[in-house]
Amino acid sequence: EVEVLRTRGIRNYALLLSSFFLVMPFLLHKFLDQIPKLGLSDRSNEEEVPLSTRLAYRVDVVFSSFSYVKPLALLLATLVLIVVGGLALYAVSQDSIWDAFWRAWTYVADSGNHADNIGFGPRFVSVCISLGGLLIFALMLGLVSDAISEKVDSLKKGKSEVIESNHTLVLGWSDKLGSLLKQLAIANQSLGGSIVVVLAERDKEQMEIDIAKLEFDFMGTSVICRSGSPLIMADLKKVSVSKARSIIVLAEVENADQSDARALRVVLSLAGVKEGLKGHVVVELSDIDNEPLVKLVGGEMVETVVAHDVIGRLMIQCARQPGLAQIWEDILGFDNAEFYIKRWPQLDGLNFKDVLISFPDAVPCGVKAASNGRILLNPEDDYILLEGDELLVIAEDDDTYAPAPVPKVRAGPLPKVMSHRKYPEKVLFCGWRRDMDDMIMVLEAFLAQGSELWMFSEVPEHEREKKLLDGGLDPQLLFNIKLVHREGNAVIRRHLESLPLETFDSILILADEALEESVVKADSRSLATLLLIRDIQSKRLPYKETKTVQIRQAGSSHTSWIREMEQASNKSIIISEILDSRTRHLVSVSKIGDYVLSNELVSMALAMVAEDKQINRVLEELFSEEGNELYIRTAALYLYDQEELNFYEVMIRARQRHEIIIGYRPAAAERAIINPPNKAERRTWSIEDVMVAVAEEE
């Protein structure tokens, strides 16, 4: 009986203890604020903070500061429930203390286990334990669900780390990104594709949606998007910046100086990467005046592409040589022939004249000297390739060409062509670009004395002079050209009709700086201006009256209108700056003007320099007004009408003019053939054919 009484006493004590633990939370919640302050704060406040508030604050700080506290708290609550429930079961049943703890655990883990209990006490306690177990299980599900949701949200927002190496990293987002990704994919097609990582301050899902809208086959190249700022070191490390083989910094669509200032900060961030950079950095700048500062900060690791100034110069080159824009598209784009630099030991000791005709599938254009690392475009015929020298060629791909034995080529005499002296020209600029001062200086170098440059835009004349002076150009010091200012809107017909449009040799329609942030609006304005100018010209030209009847008999009124403008296009050159590649088809189908696809050309240049930084030296010379350039020459300079020659023979004849012929366009063709195949095959040439040459200005 003593043992029974002792056991009953222990069970009663266990019941009291479990009841105490059960009631204690309610008592604390009720009377906590009445407990004296026990040093929970080392500062005395004039206004006393309730203890419950201070405890709630401490708990909140701990839970928000340490991610592991929530599961630990859940584990502690589970243990407390098992202990309290086990004590209560021990008090109301005949089980031993350890069996009671085990049964309490089974009720927590599976609420259906209490169905076989007999008696009010065991059933009541087991139901309470099961309810507590359900609550703990619900909390556990909530924690797991939150953890999974947080991880999924992190993946959606692009917060996870990129574990890649030897990838191409693009920092920033602009309208050029689509064309850039396309060119990078084409460049790596022969390798089965590559990895391109894009880090921008945009939502990751939106970036992926915009890239999917491109509807372009990336040919094995994977594009990975991450959301973050290139100015934050943690975000740069997240995209494995130190392991990238090349890094492209895109210019933002904003003010030129602000965009370049941001690019400078990005270069500073890249220079501060502790692990160092494996690859080089290609920075797109908006203003050439900011180029020296970026190169000073970045050093040898940085290559710059000054997009705005390059396009401005290219537009002037295209105005002087219609069709040049298409040739640049072919050379800069990776889907045709492009530049490659490679070492060929078997060519050591040969002179450049022999090397020029040693490649059946490529056209040599220059040499990278081993002595100083400089690239020499269009070298002299007697230049001897030394050990370590590398050859610059135009080829379809880096693995599609190799030298062959030097063929026997007959070098004939050049036709005698009278040199034409320069005559004054009349040029019209429609719109205003921020690099207008640089474009005027390029024209000053190209045009003959007595030429006129008409500038037509909505910018007031006094503001134009101020902008030109701020850019370093004094209009009073111009020698060859005279500036003529006209104010007006280029999409209002009566404003355009006030200009002598039929008298201009060339017209350049510029993407106005006021609309740079909207590609669609800028292109719509350029297209409307082009159509208005051509329509006005077609109605003013003297041959129009004699042709109108025949034209209208030949087709519909729409066809008549297009043909009249096509005839007007034969009298003057119009070059339109197009930002969106979709607008290109509207201009090219009508055949009423040429165009320069500025954004796409800049993307091509960025991709080419990203693949090989040495190519930037070549592009800088070809785009500048000094040194060698691309020229479109008439075939009459090199051959006689209906003469049979192979391409090698044409190349050798061109060397007498110190030029390199890289391709040609047959008289009846619309596009030039760069790096033509079957160079040894003879064909009949016409003086109406056109040659594409690398040459210095005469």
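The turns below ask why some residues and ring pairs of this predicted model carry the labels they do.

User: What should be known about the model and its numbering?
Analyst: Residues are numbered from 1 along each chain as its sequence is written, and side-chain values use heavy atoms, without hydrogens and water. In this predicted model local features need pLDDT of at least 70 and side-chain atom pairs pLDDT 80 or more, while totals for chains, interfaces and linings use all residues.

User: Why is glutamate 150 called exposed?
Analyst: Exposed means over 50% relative accessible area, buried under 20% and partly exposed in between, with a 1.4 Å probe and protein chains only. Glutamate 150 has 58%, so it counts as exposed. Glutamate 150 is part of helix H5.

User: Why is leucine 79 called partly exposed?
Analyst: Its relative accessibility is 46%, which lies between the two limits, so leucine 79 is partly exposed. Leucine 79 belongs to helix H3.

User: What makes the pair of tryptophan 328 and phenylalanine 623 stacked?
Analyst: Rings of Phe, Tyr and Trp (its six-membered ring) pair if their centres lie within 6.5 Å; planes under 30 degrees apart are stacked, over 60 edge-to-face and the rest tilted. Here the centres are 4.5 Å apart and the planes at 20°, so the pair is stacked.

User: Why is the pair of tyrosine 664 and tryptophan 685 called edge-to-face?
Analyst: The ring centres of tyrosine 664 and tryptophan 685 are 4.9 Å apart and the planes stand at 70°, so this pair is edge-to-face.

User: How do you know whether tryptophan 685 is buried or exposed?
Analyst: Tryptophan 685 has 1% relative accessibility, so it counts as buried.

Terms used:
Helices (H or I, at least four residues) and strands (E, at least two) are DSSP runs, numbered from the N terminus.
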